[in-house]
Amino acid sequence: DPLSPTLLYEFTETTEVHDVYVRDNVAFINAANTYGLQVYYFLNSSNPTKLSSFYDYEDFGYNHSGWLNEDGSIYVFADETPGKRLKLCKFNECISPSLISTFCLSNNFPDKL
């Protein structure tokens, strides 16, 4: 009920979460600080299962947000740290993340749009 929501679970495994992408009961949790990207399975919302964590990657920063591609194999995410690049991460059934690439579209952003 959106007008009277019921708390199912309070996520306390990290001190700060910036963004969560959820598909098919799997939550990709963009946790700030040293927690990086956390992946949890929420089939049982009162007792989620941790599938993986990913925080030791190239160009690591203050993890902020991301999005999963249509077939669920690639997660693109950003760190909210100046100068850090976007990351493409490949997942094997949401369990084994591996960094495919980092990229930046341009370092020449205009001062005013």
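This is a short walk through the strands, the aromatic rings and one surface patch of a predicted model.

I'll start with the overall make-up. The protein has 113 residues, and 33% of them are buried. It holds eight strands and zero helices. Read from the N terminus, then, the elements are β-β-β-β-β-β-β-β.

Now the sheet at the start of the numbering. Four strands make an open sheet, in the order E1-E2-E3-E4, with antiparallel pairing. At the edges are E1, residues 17-23, and E4, residues 49-54, each of which pairs on one side only. From one strand to the next, the twist averages 20°. As a general reminder, strands of a sheet pair through backbone hydrogen bonds, either parallel or antiparallel.

Inside that sheet, look at E2, residues 26-31, and E3, residues 37-41. These two run antiparallel and are joined by five bridges. If you want one pair to locate on screen, take Ala27, whose bridge partner in E3 is Tyr40. Keep Tyr40 in mind, as I return to that residue with the aromatics.

Next, strand E6, residues 74-79. How many of its six residues are buried? Five are, so by the cut-off of under 20% relative accessible area the strand is mostly covered.

E6 has a partner on the E5 side and another on the E7 side. Strand E5, residues 63-68, runs antiparallel to E6, with five bridges joining them. Asn63 is bridged to Asp79 of E6. The two strands form a hairpin with five residues between them, and in the turn Gly72 has a positive phi of about 80°.

On to E7, residues 86-90. E6 and E7 are also antiparallel, joined by four bridges. Here Ile74 has Lys90 of E7 as its bridge partner. This is again a hairpin, with six residues between the strands, and the turn contains Gly83 at a positive phi of about 85°.

Now the aromatics. The structure holds 11 aromatic pairs. Why is the pair of Phe11 and Tyr40 called edge-to-face? The ring centres are 5.1 Å apart and the planes stand at 90°, so the pair is edge-to-face; the cut-off for that class is over 60 degrees. Phe11 sits in the segment before E1 and Tyr40 in strand E3, so this pair ties together parts 29 residues apart in sequence.

Are the two rings' residues buried or exposed? Tyr40 counts as buried, because its relative accessibility is 6%. Phe11 counts as partly exposed, because its value is 21%, and buried requires under 20%.

There is also an aromatic cluster, made of Tyr21, Phe28, Phe54, Tyr57, Phe60, Trp67, Tyr75 and Phe77.

Last, the surface. Which residues make the nonpolar patch of about 230 Å²? They are Val17, Val20 and Val22. Val22 lies in strand E1, and E1 is one of the edge strands of the open sheet. With a relative accessible area of 54%, Val22 counts as exposed, since the cut-off for exposed is over 50%. One general point fits here: in a regular strand the side chains alternate between the two faces of the sheet.

To recap: a protein of eight strands, an open sheet of four of them, two hairpins that share E6, an edge-to-face pair of Phe11 and Tyr40, and a valine patch that includes Val22.

Conventions:
Residues numbered from 1 in each chain as written. Predicted model: local features only at pLDDT ≥ 70, side-chain atom pairs only at ≥ 80, totals over all residues. Heavy atoms only, no water. Buried < 20%, exposed > 50% of the residue type's maximum accessible area, 1.4 Å probe, protein only. Pairing = 2+ DSSP bridges. Axes fitted to C-alpha atoms, helices over the stretch in contact; angles between N-to-C directions. Phe/Tyr/Trp six-rings, centres within 6.5 Å; stacked < 30°, edge-to-face > 60°. Patch = residues over 30% accessible without salt bridge, like charges linked within 9 Å, V, L, I, M, F, W, Y side chains within 5 Å. Areas by Shrake-Rupley, 256 points an atom, 1.4 Å probe, with all protein chains shown as cover. Salt bridge = Lys/Arg side-chain N within 4 Å of Asp/Glu carboxyl O.
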